[in-house]
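Let's take a walk through a protein model together, one helix and one pocket at a time. Please have the viewer open so that you can turn the model as you read.

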Amino acid sequence: MSAAELDRAVTLLVRQVGHWEQPRWSAAAEGGNVSRADLVHKLVQEIANLAADAEGEPRREVPRLPSDLALPDQLRVVAADLLAAGAPEPVLAEAATAVARTRSAL
């Protein structure tokens with residue numbers, strides 16, 4: 001899994017949700033009992049954890065911002081952090097799989 005493939009997966013997800021307004025974020029994710037916003041925030045946290053691990057830093061909680069409309073930007077930032085950390089290919093593959101899984105559930 002290359003950095004370009006992770007970047008592509010993130011870009012596809014951001015294109016899918018980047019135009020959503022609050023009611024779409026608040027709706028339940030497909031086949032689940034959590035909101036779409038909760039699901040994407042969980043993904044953001046997961047990728048942030050992978051970046052922290054790759055950097056040898058402690059994991060930190062990603063804040064839940066007042067507006068769910070910021071979630072696509074948060075996703076882009078943590079994905080860029082993971083790439084900048086020089087994560088090995090298996091970690092990039094894990095991140096890309098998580099992005100694809102989340103995208104399917106939305």
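What follows is a short tour of one helix, one pocket and two side chains. Please keep in mind that this is a predicted model.

Let's begin with helix H4, which runs over residues 71-84. Does its length fit what one expects of a helix, or depart from it? With 14 residues at 1.5 Å a residue, H4 should span 20 Å, and the C-alpha atoms at its ends are indeed 20 Å apart, so the two values agree.

Now look at which side chains of H4 are hidden. The buried residues are Leu71, Pro72, Gln74, Leu75, Val78, Ala79 and Leu82. If you look down the axis of H4, these buried residues fall within an arc of 160 degrees, so they line one face of the helix. The general geometry helps here: an α-helix has 3.6 residues a turn, so residues three or four places apart point the same way.

What lies over the buried residues of H4? The cover includes helix H1 (3-17), helix H2 (22-26), helix H3 (36-55) and helix H5 (89-105). Just past the end of H4, you will come to Gly86, which takes a positive phi of about 70 degrees.

From here, let's turn to the empty space. Rolling a probe the size of a water molecule over the atoms shows where such space is left. The largest pocket has a volume of about 230 Å³. Its lining is made up of 14 residues, and those nearest the centre are Ala48, Arg60, Val62, Val78 and Asp81. Val78 is also one of the buried residues of H4. Both H3 and H4 supply at least two lining residues each, and H3 gives the most, with 5 residues. By chemical character, the lining divides into 8 nonpolar, 1 polar and 5 charged residues.

Two side chains round off the tour. Asn49 sits in helix H3. Is Asn49 buried or exposed? Its relative accessible area is 15%, and the cut-off for buried is under 20%, so Asn49 counts as buried. Beyond residues up to four places away in sequence, Asn49 touches Arg59 and Arg60; Arg60 is among the residues nearest the centre of the largest pocket.

Gln16 belongs to helix H1. With a relative accessible area of 22%, Gln16 is partly exposed. Setting aside neighbours within four places in sequence, Gln16 is in contact with Arg103 and Leu106. Gln16 and Pro72 are 56 residues apart in sequence, while their C-alpha atoms are 9.6 Å apart in space.

Notes: Residues numbered from 1 in each chain as written. Predicted model: local features only at pLDDT ≥ 70, side-chain atom pairs only at ≥ 80, totals over all residues. Heavy atoms only, no water. Helix = DSSP H or I, 4+ residues; strand = E, 2+ residues; numbered from the N terminus. Expected span 1.5 Å × (residues − 1). Buried < 20%, exposed > 50% of the residue type's maximum accessible area, 1.4 Å probe, protein only. Arc of directions from axis to C-beta. Contact = heavy atoms within 4.5 Å. 1 Å grid on protein atoms, 1.4 Å probe; cavity = no way out; pocket = protein on both sides within 12 Å on 5 of 7 lines; lining within 4 Å. Points joined across faces, edges and corners; volume = space filled by probe spheres on them. Nonpolar A, V, L, I, M, F, W, Y, C, P; charged D, E, K, R; others polar.
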